[in-house]
Amino acid sequence: MQDKKHISEFKADNQNIIENKALNFMEAMIPVVILMGLLAYNIFFVEGQEWLGTYTNQIILLLGGGVAAIVGFFNKVSINLMLSEIWENLKSVFIPVMILFLVGALAGTWLVSGVIPAMVYYGLQVLSPEIFLPASVIISAVISIATGSSWTTSATVGIALVGIGTALGINPGMIAGAVISGAYFGDKMSPLSDTTNLAPAMAGTDLFTHIRYMSLTTVPTIMVTLIIFSILSFTITTSGSADVSNLLETIYVTFNISPWLFLVPLAVIGLILLKTKPLIALGAGILLAAVFAFIFQPELLNSLGDSKLSSIITSIFTDTQITTENEKLNDLFSAGGMKGMLWTIYLILCAMVFGGIMDGIGALSRITNALLSVATTVFGLFASTVISCLGLNTIASDQYLAIVIPGKMFKKAFEDKGLAPENLSRTLEDSGTVTSVLIPWNTCGAYQSGVLGVDVSQYFVYAIFNWLSPFTTLLFAAFSIKIKQLNSSK
């Protein structure tokens, strides 16, 4: 049975945080050390990173969860509690998993309808290599601010920008990094974003105070990001104008290209701006693309299957490959439909199992409390919060837990130091929200790599805004720049 004397539980915004007084720090770290060791072995010592087959990372996460469960058994944590936390975690990602399935279907239908080829066709003529990367940052930021969602941005303009940039011969990792940098800047600064609302709620401040205070670190970080991408744009080697002309001709011959095709993505973005639920907006985008495929690409649909309808169904559920005379376009004009999202979905589910068990045995709160105990200075408090957010993004595999748990654990410590709550809310976003996409098995990292078709290891170094943000917030803390005190008007 569960030892009721040692386990206590409280709820915060539908997230359970378990405290286990019997668990010590070393025991809490055992599953983390084993998980990180196995992942590191797979990354650095196994050629092709398929040590245990295609689903190596998923298996490693489950093994880490098994180790955590053993630690829990030794500390008298009931199996029912662990299973309960796993179930809560799995329920929390039901909507993201459904979105991933729809994004896979969206990519397939937007391909066969000509929407993605049209974006690439017109984009190649407008976005030159010299401005492509900074333009991608700005475009993604604008869409993300308007929609409040980095996920929606990647699933719409992000896919198109990766396609255009790839056709120009730009490194896909650079493109994905630019898209993600802009998308997460917009996500942080948008009052429509869930994390932007969650962080001030956890810290005890209001939404717009949080956004204004967060802009002090976020705006300089995005400016540095734009400068770096501008420099990169002038130093990269692209395929040149001759290749672009050939690409344009190939696209025009293969598809029926028309500006009317842009009605599909515009309709999806419009629905999201009207605050339509993502599942409905994406579903509408799939249906509209299917209709446009019948209207604009009848010959292509006949060439892909036994009938137009079967080609549409195939694009929704399984693999679609459109063959052209250009090998570069052959890679670009392929989609996996819902089937193509299964690897990412399995990764998210396994991460939720590991995170659920770690929370169930009280390991997450124990690790966070250990960081809190060494935060004796103001800078140490900020640093402990950053480390806690980074650690929870890695261990719990969920950006919401990386905001909720440190927000709850560190709130009183910030008050005791005489610091205004917006210091905490800004730090939670600067280190919790944006770094989630840098962890391959985190829900955000798995989603972005799956949607954009670029592995986290490829875009990590180019997601400049995301990894620079924690350093910026620590720099401000180290030099006491804009660190607002309680009852201060500054």
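A residue is taken as buried when its relative accessible area is under 20%. By this criterion, buried residues make up 58% of the 490 residues in the protein chain, as judged from a model that is predicted.

The secondary structure of the protein chain consists of 24 helices and four strands. The chain has a radius of gyration of 23 Å, close to the 23 Å given by the globule rule for 490 residues, and it is therefore as compact as a globular protein of that length. Measured out along the principal axes, a span of about 70 × 50 × 45 Å is found for the C-alpha trace. Of the contacts in the protein chain with a separation of 6 or more, 77% are accounted for by residues 24 or more positions apart.

With regard to the surface, the protein chain exposes about 19900 Å², of which 65% is supplied by carbon and sulfur atoms. The chain carries 22 positive and 29 negative charges, and the mean positions of these two sets are 15 Å apart.

At the level of a single residue, Thr-217 may be considered, which is found in helix α10, comprising residues 207-235. The relative accessibility of Thr-217 is 1%, and because the cut-off for a buried residue is under 20%, Thr-217 counts as buried. When its neighbours within four places in sequence are left aside, Thr-217 is in contact with Arg-426, Asp-430, Thr-472, Thr-473 and Phe-476.

Conventions: Residues are numbered from 1 along each chain as its sequence is written. This is a predicted model: local features need pLDDT of at least 70, side-chain atom pairs count only at pLDDT 80 or more; totals for chains, interfaces and linings use all residues. Side-chain values use heavy atoms; hydrogens and water are left out. Helices (H or I, at least four residues) and strands (E, at least two) are DSSP runs, numbered from the N terminus. The radius of gyration is taken over C-alpha atoms; the globule rule is 2.2 Å times the number of residues to the power 0.38. Buried means under 20% relative accessible area, exposed over 50%, partly exposed in between (1.4 Å probe, protein chains only). Contact means heavy atoms within 4.5 Å. Accessible areas come from the Shrake-Rupley method with a 1.4 Å probe; for residues, only the protein chains shown count as cover. Lys and Arg count as positive and Asp and Glu as negative; His and the chain ends are not counted. The place of a charge is taken as NZ of Lys, CZ of Arg, CG of Asp or CD of Glu.
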